[in-house]
Structures are given as structure tokens and as C-alpha cells.
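Trainee: Got a minute? I'd like to go through this model with you.
Mentor: Sure, pull it up and ask away.

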Amino acid sequence: MERMCGIVGYVGPRDSQAILLSGLARLEYRGYDSAGIAVIDRDGDLDMRKRAGKLQVLRDDLSAHPMGDGTTGIGHTRWATHGGPTDANAHPHLADDDKLAVIHNGIIENFAELKAELLAEGYTFRSETDTEVAAVLLGREFSASRDLVAAFRGVVARLEGAFTLLAMHRDEPGLVVGARRNSPLVIGLGDGENFLGSDVAAFVEHTRNALAIGQDQIVAITPQGVEVTDFAGGTVEVEPFEVVWDASAAEKGGWSSFMAKEVSEEPEAVANTLRGRLHDGSVVIPELDGLDDLFAGVSRVIVIACGTAAYAGMVGKYALEQWTRVPVDVELAHEFRYRDPVIGPDTLVVSISQSGETMDTLMAVKYAREQGAKTLSICNTQGATIPRESDAIVYTHAGPEVAVASTKAFVAQITALYLLALHIGRVRGSLSPEVSRDAVTQLEAIPAGIARVLETEQEHIEQFARWMGDTQSVLFLGRHVGYPIALEGALKLKELAYIHAEGFAAGELKHGPIALIEPGQAVFVIVPSPRASRELHKKVVSNIQEIRARGARVIAVAEEGDAAVLPFADEVLRIPLAGPLFEPLLAVVPLHIFAMGLATAKGLDVDQPRNLAKSVTVE
Ligand code: M6R
């Protein structure tokens, strides 16, 4: 089973090996346990090489022992769950006397039953993966039909679960066939050459013209053309789109890590998400044209997402309720559909996903639709599955996010939620022009505010993180919109620095967590602005005093000029002034920098933390 893998396919006049390897390098964030490629070489033989470990292991192997090159090829980078990261379990998997190569992303749920059937027929297996079962099945079908597309049709009819499969056969050179169900696959259209990829990063350095393949479709690419059919063989229309970013956006460009680059892009991520949506003090999201009746009729909003995206949702709840006066619930997508939620035609389910592929979120969206709810996707990836399955889309324009830890996408998600809240508030008449104008002014100031945090605090925080290098446990406290920021700070630290970290609502302290405080315990406190709410500010300062009295080492994230924290904080990380709802967009930046700094100080790989992949494409 594969949880999240990178897939690339190529047909054209050029040598495919270099194209596959550079595509895999751009996709490596999707999985980095093992990698492999297969090509049909210029003598018509199928050559394959695969290695456990990062892509570099495969590259080194190919340099030490070059293999034949050709103009048709497929490549894969893997995130393993079942069947460990070994050479044998790496993709491609071969079948039909090694004339057929197959790669796969997803999970074939009925693989055990299919394997038993094939074993009974005398077929043998060399790996523990479900993918090899699909490969052997495809080989059996191909032997019967001698037609790879027809063979695919026979195979997909037997498979249950989620999959993107790509295959090529020695006897049909110049052809790569792919199929998808609940797992992503996009086509790149070149000039006399064509590409397939699990996302556009696979081919963006060669072409920005892309086609999104729908659910349950099969695609055949040759150098001359592309043919897409449904699983029954009927021709289908596919939607063209132009990739809005270029190859350099997905490169490190001199930064020490993708994460460092992406944190530095947080101001731009907000600015680009705002672009074209602010008009004279009000918000109009052009993609939502024609949906006024839907928004006017909504009586409830449920936000669903996972991980960092769910924390963005929690922040967004405050703005949505304040500006639309519609009740909002925020739920982890994987919990949502298992509790028989009360939803109906007047429920708007807003999903948030950077990748647009997270299976838990996708399944929750599908469930909501089946129950008659309206669905809206906030997503950063064009052509991804979740937006395609939703009634409406608001794209964040953070640009490609490669590091596993989500950073610039988080601030873009909050921005998009605020825009959505202001849009719906305007449509419903629940928002006064003055409040709207003030919110727009505040949002417009955020990119400069984040840039200021980066300029004035980054070095200080990195130094501080180095000094904290041996810390074993860090707690984060926040109130109101600061609470989800505390959760986000803790998640980043667990994910990147592998240390115990927890976020709490500051008011909850005295209900239990304060027992964790012992001398030296590091506690980050997100301090609300004293100008925005004296009461909230006072309460948080009291919380600081409570933990300080028990020996905590307090690191306050506080507004510039807030002197009330100085007597009680061991360290103060300053953020510019912003209205209460807007503070999270600034307060999260020091926490992102801190987690990155601490992980770096511990010598860890911040782009590819252990056990993780960029998005989780099985439930
Ligand atoms: O692609 P998505 O936004 O749907 O991903 C959701 C989470 O898996 C993701 O935010 C995860 O929590 C991040 N690695 C956290 O940094």
C-alpha cells in the first residue's frame, strides 16, 4: 500500500531518464522512502532500476551502473506503509515476463483476494505490495487482448480502493497508459511529447499546459496525442488549464531548505491570495459569482480539514461567525463522517486543503455532498481532486508548497477564509461597509506585517532556537484566535523537531495542564493585543504570572509596545500591531521560524521529516 507517492510518465523524442529523474526530484516531497524508473530503451527492451532510500540513492546507482535510455518511461517516488521501504517493494513492479512495468499511488483494498486468485493460477510475486498484484493482473489481461488500454479497462473493473496506476509495455513502445480513482493524475501537453504526473510539479519545467483527468478515467499518451476515456471506454471531455506558476517556484533557489524559502514567501502568499478580490473596501471573489442565493440560504457552516489546515479553519471560525452571523463548526475531516453529522441543503461544508488530495478530507466532502450539503473547497493546488469534487472553489495562491510542514499555505488559508467570510457577509447583508472597509485595510497590511516579523525577528528567533537545542518539551498557550495558533506552534515542533509539544487554550490551564509546569518548562504564550481587548489581554498576562510562579520559562509572542508582559517573560518575540482577528497571521510566523530553527539546530531534515509525507492520500 502506498500512502502518498509521486508519479511521472513521459513519451516523446527526448531521452526519458533525465526527464523522469528531474520530475521525481520535484515530486520527492510526496514520498521519499524509495524511488525507481523504467524506460523502454532504444533497442525496444524494458529497463528498470529501483532503490530503497531517497532519490539520490537511485541517482548514484544509475551513475555507477548506467542503464539503457529511451523515449518512453515512468518513474515513482514512494511513501511506504505496508511492505517496508526495500528495493523489492519499491516501484516500478514488473509483470508479463518483465515486459510490463507498473507504478501506483493509493491503496488497492481487495489486493489479498486478487493475489490469492493469481497465486492459484500459478503467478508468482517478488514483493509484498498491492501494486504488484495490479501489475500481474494487467499482464494477464494484456496477454489476452494485446492492447494496453483494453487491459487497463479489465483491471480497473476488478480493483477496489483508491489508485493512480501508470503502465507501459515493451510491445507498445511510445505509449504510457494511466488510470485514476480517488487519487490524483494530471496530463502535461508538450510539443511532440506528453507527460503524466501526480501533480503538475512533475512536468512544469517542460510545459504549463495541463489537463485534469476526472474520477474513474483512463488516459493514453503518445508523442502525438492524448486520449481520455471513462472506465467503460466512452470518450470524455477533459478540462484544460494553465499552470499559474513556473518551474522556478518549485525550486529552492539558493535557500537552505524549501521550508526556509516557503516561510520567506508567507507575505507573498497572503498578498497573492488577496489579489483581485478586494474592491473599494469590500470583498468580491469572482469565482463565487452566481452563488449569492446559496450563501443567502445557508443556516450553518461546517469547516472540515486535517492538521494545519484544520487550525486555519479554527481561526477562520471567529471571522466567519463575526461577519456572517452564521453558526460555524470546525471538524477534523476524519472524524466528521463517522459521527452521523446533522447536515442538509442549507449546510455549507467548507473544506480546506493545501494539496487538495488529503483522502480524509476528500471522503468527508463526498459524504457531505451525498447528504445534500453544499460544498466549497479552499485549496492551493489547481486541478486537485477535492476542488473538483466540490460545488465551489476558492483557490489560495500561495504557490507550490514543497516542504512537508505547511507554512505559507497556512497563512494563505486563513486569508482565504477571511475573504470568504467578508464575501458571504456582504451577500447576506450582515456586514456593515465600515467593518468591511476596516477588515480590508487590515488584510492589506498583513503582507508588510509578516515581512517585518521576518526582518526584525528571524535572526533573533533562530539564535534563540539554537540555544534551546536540547529542550525536550515545549508548551504553547493561546486564547481566542491565539488558541489555534498555539496548536499550530506545537504541531510544527512535533513534526520537525521530534519533541513533545502541546498547545492549550490558556483558560484551560487551571483545569489540568498547569500540573505539567515545573521549573524550566518552556512555554510559548500568544499574547492578545491590549488595544483590541484589555480584558483578554489581562487574562493572558495573569496566565503568564501563574505559570511563571511555578518556574516556567516564558516566551511571549506579543505586540510591539506591549510592556505588560516584560516583567514576566524570559523572552519576548515581537509582532506588529494588528486587529484582534488579524493577529494570528502575524503571531504564527515566529512559531514557524522557531520550529524550523530548533529542528535545524538538532541537525534534522526540515523538508522531509521522518515518517511523514506532504499529504496523506489514504484514510
Ligand atoms: O494538503 P492538506 O492541507 O490537506 O494537508 C493537511 C495536513 O496533512 C497538513 O496540514 C499537515 O498537518 C502538515 N504537514 C502540517 O505541517
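Trainee: How much surface does the protein chain expose, and what share comes from carbon and sulfur atoms?
Mentor: The protein chain exposes about 22000 Å², and carbon and sulfur atoms supply 49% of that. Areas are Shrake-Rupley values with a 1.4 Å probe, and for residues only the protein chains shown count as cover. Keep in mind that this is a predicted model: local features need pLDDT of at least 70, side-chain atom pairs count only at pLDDT 80 or more, and totals for chains, interfaces and linings use all residues. Residues are numbered from 1 along each chain as its sequence is written, and side-chain values use heavy atoms, with hydrogens and water left out.

Trainee: OK. What percentage of the residues is buried?
Mentor: Of the 619 residues in the protein chain, 62% are buried, meaning under 20% relative accessible area (exposed is over 50%, partly exposed in between; 1.4 Å probe, protein chains only).

Trainee: And how many helices and strands?
Mentor: There are 17 helices and 26 strands. Those are DSSP runs numbered from the N terminus: helices are H or I with at least four residues, strands are E with at least two.

Trainee: Let's look at helix 5. Which of its residues are buried?
Mentor: Helix 5 covers residues 148–156, and Leu148, Val149, Ala151, Phe152, Val155 and Val156 are buried there. They sit on the same side of helix 5, because they cover an arc of only 155° around the axis, taken from the directions from the helix axis to the C-beta atoms.

Trainee: What do they pack against?
Mentor: Strand 6 (100–108), helix 4 (131–145), strand 7 (161–169), strand 8 (176–181) and strand 12 (217–221). Contact here means heavy atoms within 4.5 Å.

Trainee: Which residue caps the N-terminal end of helix 5?
Mentor: Asp147, with a side-chain oxygen 3.0 Å from the backbone nitrogen of Val149.

Trainee: Switching topic: how many disulfides are there?
Mentor: The search of the whole structure finds 0, where a disulfide is a pair of cysteine sulfur atoms within 2.5 Å. For Cys5, the nearest cysteine sulfur is that of Cys306, 18 Å away. Cys379 is in no disulfide either, with the sulfur of Cys306 the nearest at 13 Å.

Trainee: Is Cys379 buried or exposed?
Mentor: Cys379 counts as buried, at 1% relative accessibility. Cys5 is buried as well, at 0%.

Trainee: Last one: where does Gly36 lie?
Mentor: In strand 2, residues 34–41. The C-alpha atoms of Gly36 and Thr77 are separated by 6.7 Å, though the two are 41 residues apart along the chain.

Methods:
Polar contact = N/O pair within 3.5 Å; in protein donor to acceptor, adjacent residues only side chain to side chain.
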